[in-house]
Amino acid sequence: VNCPHTHNGNPCNECSVCKGIDDGSILDVIEIDAASNNGVDNIRDLRDEANYTPVRAKYRVYIIDEVHMLSVGAFNALLKTLEEPPEHVKFILATTEVHKLPATILSRCQRFDFKRIEPQDIAYQLNKVAAGEGFTIEDEAASLIAKVADGGMRDALSLLDQCQGQSSNVTAQLVSSVAGLTGHDHLFALADCIKNKDCAGALSIINDLHNSSCDMERLCTQLIDHYRNLMIIRSVKDCAGLIVCTAAELQQLEAQAMSYTLEQIMYVLSVLEATSGSLRRGLNRRVETEMAFVRLCTENLDSSVD
């Protein structure tokens, strides 16, 4: 909005205004982190400051990041300025949780929703970055990073940066290690125990994990994700795009999914979801987890008709 030489709405990035905004020497574009500046006083200061005309640019632009973190009082203080903004001021409100914004604020804004980036587009961009930076990345590795990033280019580039710091040849195995996708053998083992009604085996694994300082709430979350993957495999013909894992782990998941019926998977998921809520409230997380596995491995403890 401040570049005097725009091309089809895009800035030229060559003029003094563009370069000044880029390097921070022009102070007419102000970014505010609402997470740490969320009080009424912060917004009052902003409102008073907005009355001053821009020094070098055409508009004073305020970018309020994480705007949903503002307090109710701060939103009310901002509302008056949004209703009657000075001609030389523009506000950009950025948030990932737009449902938390008051209707009074939303009704006074133009809304632009950004969609998740497609995995193939992220993978293409990662290959482009790797070529420009002088290192190599396998196609499978790029695809795996794209899946882990879940539509976010910034997360994908951060993960690529971590991988490249360890090796100039980024492989799928390296991505798995850096992203924490490896070391899921205990999930497969616990799922086998549930399928085979091996209560002693399941409790032994939980004991080993507990002694290794494994957080029980984290374990429950991982198991929910694991059974979610089994559910997807049993429900969808081409499931590769819906599951974040390596090709080898996908084969392992498919084999385990075939040993379950969809009804059994749904039942385990419902018990784990209930256990997840209990873990947040319970005093002894280990006992809560063990109770869930005893219930899952012992059919006659389930008294429901279903």
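**Note on the predicted model: aromatic pairs, core and outlying residues**

1. With rings paired when their centres lie within 6.5 Å, the count of aromatic pairs comes to two. In one of them, the ring centres of Y62 and F91 are 5.5 Å apart and the planes meet at 25°, so this pair is stacked, given that planes under 30 degrees apart count as such. The pair joins distant parts of the chain, since Y62 belongs to strand β2 (residues 60–65) and F91 to strand β3 (residues 89–94), with their positions 29 residues apart in the sequence. Y62 counts as buried at 1% relative accessibility, and F91 is buried as well, with a relative accessible area of 18%, where the cut-off for buried is under 20%.

2. The rings of Y227 and Y260 have their centres 5.6 Å apart and their planes at 85°, so this pair is edge-to-face. Here too the pair links distant parts of the chain, 33 residues apart, with Y227 in helix α11 and Y260 in the loop between α12 and α13 (262–281). Both Y227 and Y260 are buried. It should be kept in mind that the model is a predicted one, and that the distances and angles in this note are to be read accordingly as values of that model.

3. A further arrangement that involves a ring is that of K90 and Y59, in which K90 lies over the face of Y59 at 4.5 Å from the ring centre.

4. On the overall form, the protein has 14 helices and five strands. Its radius of gyration is 26 Å, which is well over the 19 Å that the globule rule gives for 306 residues, and the protein is therefore more spread out than a compact globule. The C-alpha atoms fill a box of roughly 75 × 50 × 35 Å, taken along the principal axes. Buried residues make up 37% of the 306 residues, and, among contacts with a separation of 6 or more, 69% are between residues 24 or more positions apart.

5. The largest nonpolar core has 36 residues, and those with the most contacts inside it are L190, I194, L223, Y227, I243 and L272. At least two residues of this core are supplied by each of α9, α10 (199–211), α11, α12, α13 and α14 (285–297), and the largest share, nine residues, comes from α11. Y227 thus appears both among the residues with the most contacts inside the core and in the edge-to-face pair with Y260.

6. Which residues does I194 touch, not counting residues up to four places away in sequence? They are Y227, Y260, V268, F293, L296 and C297, and this list includes both members of the edge-to-face pair, Y227 and Y260.

7. Helix α12 (residues 247–257) has E249, L250, L253, Q256 and A257 as buried residues. These cover an arc of only 125° around the axis, which puts them on the same side of α12. On the other side of α12, A248, Q251 and A255 are exposed. What covers the buried residues of this helix includes α9 (185–195) and α11 (216–235), and both of those helices are also among the elements that each supply at least two residues of the largest nonpolar core.

8. T289 is found in helix α14 and counts as buried at 4% relative accessibility. Leaving aside its neighbours within four places in sequence, T289 is in contact with I206, M216, L219 and L279.

9. Y124 has its place in helix α5 (residues 119–133), and, unlike the four paired tyrosine and phenylalanine residues discussed above, which are buried, Y124 is exposed, with a relative accessible area of 58%. Y124 and A142 are 18 residues apart in sequence and 7.9 Å apart in space, C-alpha to C-alpha.

10. Most residues other than glycine have a negative phi, and two asparagines may be examined against that background. N8, which is not a glycine, has a positive phi of about 55°; N8 lies in the segment before α1 (16–23) and counts as exposed at 81% relative accessibility. N13, likewise not a glycine, has a positive phi of about 65°; N13 is also found in the segment before α1, but counts as partly exposed, at 48% relative accessibility.

Terms used:
Residues are numbered from 1 along each chain as its sequence is written. This is a predicted model: local features need pLDDT of at least 70, side-chain atom pairs count only at pLDDT 80 or more; totals for chains, interfaces and linings use all residues. Side-chain values use heavy atoms; hydrogens and water are left out. Helices (H or I, at least four residues) and strands (E, at least two) are DSSP runs, numbered from the N terminus. Buried means under 20% relative accessible area, exposed over 50%, partly exposed in between (1.4 Å probe, protein chains only). The arc is that of the directions from the helix axis to the C-beta atoms. Contact means heavy atoms within 4.5 Å. Rings of Phe, Tyr and Trp (its six-membered ring) pair if their centres lie within 6.5 Å; planes under 30 degrees apart count as stacked, over 60 as edge-to-face and the rest as tilted. A charge sits over a ring if NZ of Lys or CZ of Arg is within 6 Å of the ring centre and within 35 degrees of the ring normal. A nonpolar core is a set of buried Ala, Val, Leu, Ile, Met, Phe, Trp, Tyr and Cys residues joined through side-chain atoms within 4.5 Å. The radius of gyration is taken over C-alpha atoms; the globule rule is 2.2 Å times the number of residues to the power 0.38.
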